[in-house]
Amino acid sequence: MGTLSFLRERSWRRNTLLLAIIAVLAAGATGITYAATGDHTAWAHALPAGPQRSSTAPSTTAPAPSTTAPAPSTTAPAQTQAVPAPTHAAPTKAATPTAATPRPATPRPATPRPARPTPTKTTATRTKTPVATTPLTIEFADRKVTLDVPVGWHVSHTAPAHGCGCDSDFAPVCVVAHGDYDRNPDNCELVVAGNLYDQLGDYPNPGDDLPRCARWSTVYDADVTAAGYPADYRQFRSSCSGRISEQWATVTTPQISFWHPLAGATDEAAVQLAVVHARISGTVRTGRADDVGHVRAVTAVDKTHVRIAVDRIVLSLDGSVINHNPATYSYRVITNDGASAGQCAADIVNCSAAQLLAQFAKGTHPADGTEALAGAIVRLLPYNDGTLQLEPFTPYRFTSNGDHGCGC
């Protein structure tokens, strides 16, 4: 009897022990299944978040708290300070700011972008999703400019026009994505304009029709390519609105310029591609038909011509000058043969070749009190025999008054 009681007791203990082991194993299996079907970050030995799993041994401690805010994500972010409680939610991938995780696009701020630190020979690459384009042809007096623009862009019914659009063969044309110019160039995706002789790509082609402001500046300049030709690139800033616009102006005859406001929601990559790959019909002569700079040298050519070397400058809209490069450019310039001393003293345009040579030789501070030619800022304009003519030039502050409308 004692033996039977002992055997029954041992059997009962064995059964109890087996039941306890089975309960533990069942609880453990249920826990793994729960974690595997819930948030993977709930594992005590968590695997690294992200698309790639690490092959190293799992860490036995929770990761250190992050000192920076994680990149925005539409999924729940991984907790870094404590292991979260298990959840029955559908499995998600936590966004962890690592080098392998792409950063989301940063929205363009309303404030103007900073000036680029160093002028470059090409415009910055603007990578965006390609958009469907269609050819858009703008007809001027004797030229056509064709651009590949996003589908839907078109020429506005009205546009900024100098002199109310009267007698202008290359009056500015406003290209819009929707709507109309409505007396404000900022409503345009592009303002396309051109001219034959009066070329100054340092100033925005909408001119005085830009929204009213007396405080403008040039915040960046570079040598680039537009329509397959060398071009001047400028960025302008209005201190009144804080908006920045950009402009490409071909160094050709005729000159074609493309102005674009940067502060809108435009696909800037589409604008750049349209400008860089624009086509200009007819004969286009490469080279500057106009230049502005400091006079660095004057040499004789013949009785009526001299060669003038200028150190080219960029005219900032605030009235100052910008000079990144001390290189000089030499031009053949016509003079006024037979001009009197009085005529030359009154206006440098009326000087003969000999008088220009003599005036330059007096240096930057002539002892006789006359205006210096050496170092002076001059403008060289096209003349009808293929040469240039000399004009004194004083940089000025650009202002705009808005388009008040007019007719002719």
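Biologist: Let me get the terms right: buried means under 20% relative accessible area, exposed means over 50%, and partly exposed is in between, with a 1.4 Å probe and protein chains only. Which of these is Asp368?

Modeller: Asp368 is partly exposed, with a relative accessible area of 46%. Before we go on, this is a predicted model, where local features need pLDDT of at least 70 and side-chain atom pairs count only at pLDDT 80 or more, while totals for chains, interfaces and linings use all residues. Residues are numbered from 1 along each chain as its sequence is written, and side-chain values use heavy atoms, leaving out hydrogens and water.

Biologist: Thanks! What does the side chain of Asp368 meet in a salt bridge?

Modeller: Its partner is Lys362, at 2.6 Å from N to O. A salt bridge here is a side-chain nitrogen of Lys or Arg within 4 Å of a carboxyl oxygen of Asp or Glu. Lys362 is partly exposed too, with a relative accessible area of 35%.

Biologist: How many salt bridges does the structure hold?

Modeller: There are 11 salt bridges. Another of them joins Arg379 to Asp290, whose closest N and O atoms are 2.6 Å apart. Arg379 lies in strand E18 (residues 377–382) and Asp290 in the loop between strands E12 (285–286) and E13 (291–300), so this pair ties together parts that are 89 residues apart in sequence. By the way, helices (H or I, at least four residues) and strands (E, at least two) are DSSP runs, numbered from the N terminus.

Biologist: Is Arg379 buried or exposed? And Asp290, buried or exposed?

Modeller: Arg379 is buried, at 9% relative accessible area, and Asp290 is buried as well, at 6%.

Biologist: Let's try the next residue along. Where is Asp291?

Modeller: Asp291 sits in strand E13 and is buried, with a relative accessible area of 5%. Its side chain meets that of Arg312 in a salt bridge of 3.0 Å, N to O. That pair links distant parts of the chain, since Arg312 belongs to strand E14 (residues 305–312), 21 residues apart from Asp291.

Biologist: Which residues does Asp291 touch, leaving out those up to four places away in sequence?

Modeller: They are Val310, Arg312, Tyr329, Tyr331, Val378, Arg379 and Leu380. Contact means heavy atoms within 4.5 Å. With Tyr331, the side chain of Asp291 also makes a polar contact of 2.4 Å. For a polar contact, a pair of N or O atoms must be within 3.5 Å; within protein, one must be able to donate a hydrogen and the other to accept it, and residues adjacent in sequence count only if both atoms are side-chain atoms.

Biologist: What about Glu246, which strand is that in?

Modeller: Glu246 is found in strand E8 (residues 244–250). At 0% relative accessibility, Glu246 is buried, and its side chain has a polar contact of 2.3 Å with that of Tyr233.

Biologist: Changing topic to helices. Which residues of H4 are buried?

Modeller: In H4 (residues 353–361), Ala353, Gln355, Leu356 and Gln359 are buried. They cover an arc of only 160° around the axis, so they are on the same side of H4. That arc is taken from the directions from the helix axis to the C-beta atoms. Ala354 and Ala361, on the other side of H4, are exposed.

Biologist: And what do the buried residues of H4 pack against?

Modeller: They pack against E14, helix H3 (341–346) and strand E19 (388–392). After H4 comes Gly363, whose phi is positive, near 85°.

Biologist: One more stop: why is strand E2 described as largely enclosed?

Modeller: Because 5 of the 7 residues of E2 (residues 144–150) are buried, the rest of the structure largely encloses the strand.

Biologist: How many bridges join E1 to E2?

Modeller: E1 (residues 133–139) and E2 run antiparallel and share 7 bridges; two strands pair if DSSP finds at least two bridges between them. One of the bridge partners is Asp148 in E2, opposite Pro135. The two strands are joined by a hairpin through 4 residues. E2 also runs antiparallel to strand E11 (residues 279–280), with 2 bridges, and there Val145 has Ile280 as its bridge partner.

Biologist: And the overall picture, how many helices and strands?

Modeller: The protein has 4 helices and 19 strands. Of its 408 residues, 35% are buried.
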